[in-house]
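Dear colleague,

I am handing over the structure we spoke about, with the sequence alongside it. Please look it over before reading the notes that follow.

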Amino acid sequence: MSAAPRPSVAIVGAGLAGAACARALADAGFAVQVFDKSRGVGGRMASRRAEWTGPDGSPNPARFDHGAPAFEARSEAFLGFVEAAERDGLLARWAPVVDRDGRLDRDKAPQWVPTPDTPALCRALLADLPLLTGCMVDTLRHEPGGWVLEASGDAVAHGVDSVVVAIPPPQAAVLLALHRPDWAERARAVAMGPCWTLMAVTDAPAPLPAWDLARPSTGPIGLIVRSDARPGRSRVPGRAHWVVHASDAWSRTHLEDPAAEVQARLQDALAQHVGQPLAWHHASAHRWRYAHAPADAAVTGLCDWDADVGLGACGDALGGAGVEGAWRSGRALADRLVAWHREAARA
Ligand SMILES: Cc1cc2nc3c(=O)[nH]c(=O)nc-3n(C[C@H](O)[C@H](O)[C@H](O)COP(=O)(O)OP(=O)(O)OC[C@H]3O[C@@H](n4cnc5c(N)ncnc54)[C@H](O)[C@@H]3O)c2cc1C
């Protein structure tokens, strides 16, 4: 007797929600294929390489984690996951000294930092799974033989039993509109928060700040990360690597400003916060149009699943925001698919 074919699932999005969903489904015996429009995986758990030229003309590589710099784990399930990842060398605990308008303290709960870079966690989850990067899925068609996924008019997958959409709500709405207009409408209504981000290398200020993170309550900056002070990052003597997040309000007001202007404003604000002029070696600005999901957008059950058509949606906005919300949503959707297939096999 031949074994029943493995149920197949195509996952659009290789951020933490998609990666966690893919891993759990693959472990449960599903045939999984993952697609992402970017060159690498990780989504907003992102990392970017840069190179700057030293005074002697030498090239100097730099690497910035310009998405989530670190995250907290609150739920028991997510804590179990991060502690296992710590044992596997993928995450390090971090208890940064935080500057809140001149008051220095450490948060009670540890922060978690993926090592050696932020996308490492998603890379590990997806390590042995079929993955196509540089592929922006723009159409989902539900045909009698199964789902067809298209990118720029080409079918990149066909005959798939189920599709998981694991991308930010404004982008998900486009793919979902034809099949679940109600989900698409809800996704369009999610007010994602933007974030302008500065990545910079300077001479190390003397003395070095006594803090690892700063959270000014006024001005353009929401968060300053001494990027090379995080665990698993190497510090270059005499240099400082910074990632600066503009505040939510400032990012909204300046969303359409030219990157060069935003960069200059954030450079000034960083120097002002550090309290001395900085000798710049590299600076660039990145605009995250959809950085943060509001926590109140979460849905009951943490994800969407329509068994009649074989369509699901997950992501931080459905799971309660942030890295933890993304993971919980991806895992919840995988659990729903596994339970449904078990039930269907028994019937
Ligand atoms: C600057 C910044 C700071 C942050 N700070 C924190 C923090 O301190 N703590 C915290 O918990 N969280 C933080 N976050 C939020 C956190 O990074 C996200 O909530 C989480 O990573 C979202 O994961 P996700 O899988 O839901 O979505 P994403 O990470 O956005 O993944 C979606 C993926 O889908 C891909 N994609 C999109 N459309 C398509 C398409 N049509 N076809 C194929 N692929 C597609 C994208 O390329 C992306 O890889 C921060 C985010 C940013 C940007």
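Which residue in β11 does leucine 140 stand opposite? The partner is leucine 149; please bear in mind throughout that this is a predicted model. That pair belongs to an antiparallel pairing of strand β10 (residues 139–143) with β11, which runs over five bridges, and the two strands form a hairpin with two residues between them.

On the other side of the turn that follows, β11 pairs with strand β12 (residues 154–160), again in the antiparallel sense, over four bridges, and here glutamate 150 has alanine 155 in β12 as its bridge partner. These two strands also make a hairpin with two residues between them, and serine 152 in the turn has a positive phi of about 50 degrees. Because six of the six residues of strand β11 (residues 146–151) are buried, the strand is largely enclosed by the rest of the structure.

Turning to the ligand, 37 residues surround it, and the closest are Asp36, Arg44, Val137, Asp316 and Val323. As for polar contacts, an N or O atom in the side chain of arginine 44 is 2.8 Å from an oxygen atom of the ligand. Polar backbone atoms also come into the list: one of glycine 322 is 3.3 Å from a ligand oxygen atom, and one of glycine 43 is 3.4 Å from a ligand oxygen atom.

The second largest pocket holds about 230 Å³ of space. It is lined by 14 residues, of which Ala62, Arg63, Arg233, Ser234 and His241 are the closest to its centre. Strand β4 (residues 59–64) gives the most to this lining, with three residues, and the lining as a whole divides into four nonpolar, four polar and six charged residues.

There is also an open sheet of six strands with mixed pairing, in the order β9-β2-β1-β13-β20-β19. Its edge strands are β9 (131–132) and β19, each of which pairs on one side only. At the β19 end, β19 and β20 pair in the antiparallel sense over three bridges, with tryptophan 305 having glycine 312 in β20 as its bridge partner. The loop between β19 (304–306) and β20 (311–313) contains aspartate 308, which is exposed, with a relative accessible area of 75%. From C-alpha to C-alpha, aspartate 308 and leucine 125 are 28 Å apart in space, and they are 183 residues apart in sequence.

Finally, some backbone geometry that you may wish to look at yourself. Most residues other than glycine have a negative phi, and most peptide bonds are trans. The peptide bond from threonine 115 to proline 116 is cis, with omega near 0 degrees, and proline 116 has its place in the loop between β8 (111–114) and α3 (120–126). The bond from alanine 206 to proline 207 is likewise cis, with omega near -5 degrees, and proline 207 is found in the loop between β14 (193–203) and β15 (213–214). Leucine 302, in the loop between β18 (280–292) and β19, has a positive phi near 70 degrees. Alanine 321, in the loop between α8 (316–319) and α9 (322–346), has a positive phi near 80 degrees. Is alanine 321 buried or exposed? Its relative accessibility is 17%, so alanine 321 counts as buried, the cut-off for that being under 20%.

With best regards

Key: Residues numbered from 1 in each chain as written. Heavy atoms only, no water. Buried < 20%, exposed > 50% of the residue type's maximum accessible area, 1.4 Å probe, protein only. Pairing = 2+ DSSP bridges. 1 Å grid on protein atoms, 1.4 Å probe; cavity = no way out; pocket = protein on both sides within 12 Å on 5 of 7 lines; lining within 4 Å. Points joined across faces, edges and corners; volume = space filled by probe spheres on them. Nonpolar A, V, L, I, M, F, W, Y, C, P; charged D, E, K, R; others polar. Near = heavy atom within 4 Å. Polar contact = N/O pair within 3.5 Å; in protein donor to acceptor, adjacent residues only side chain to side chain.
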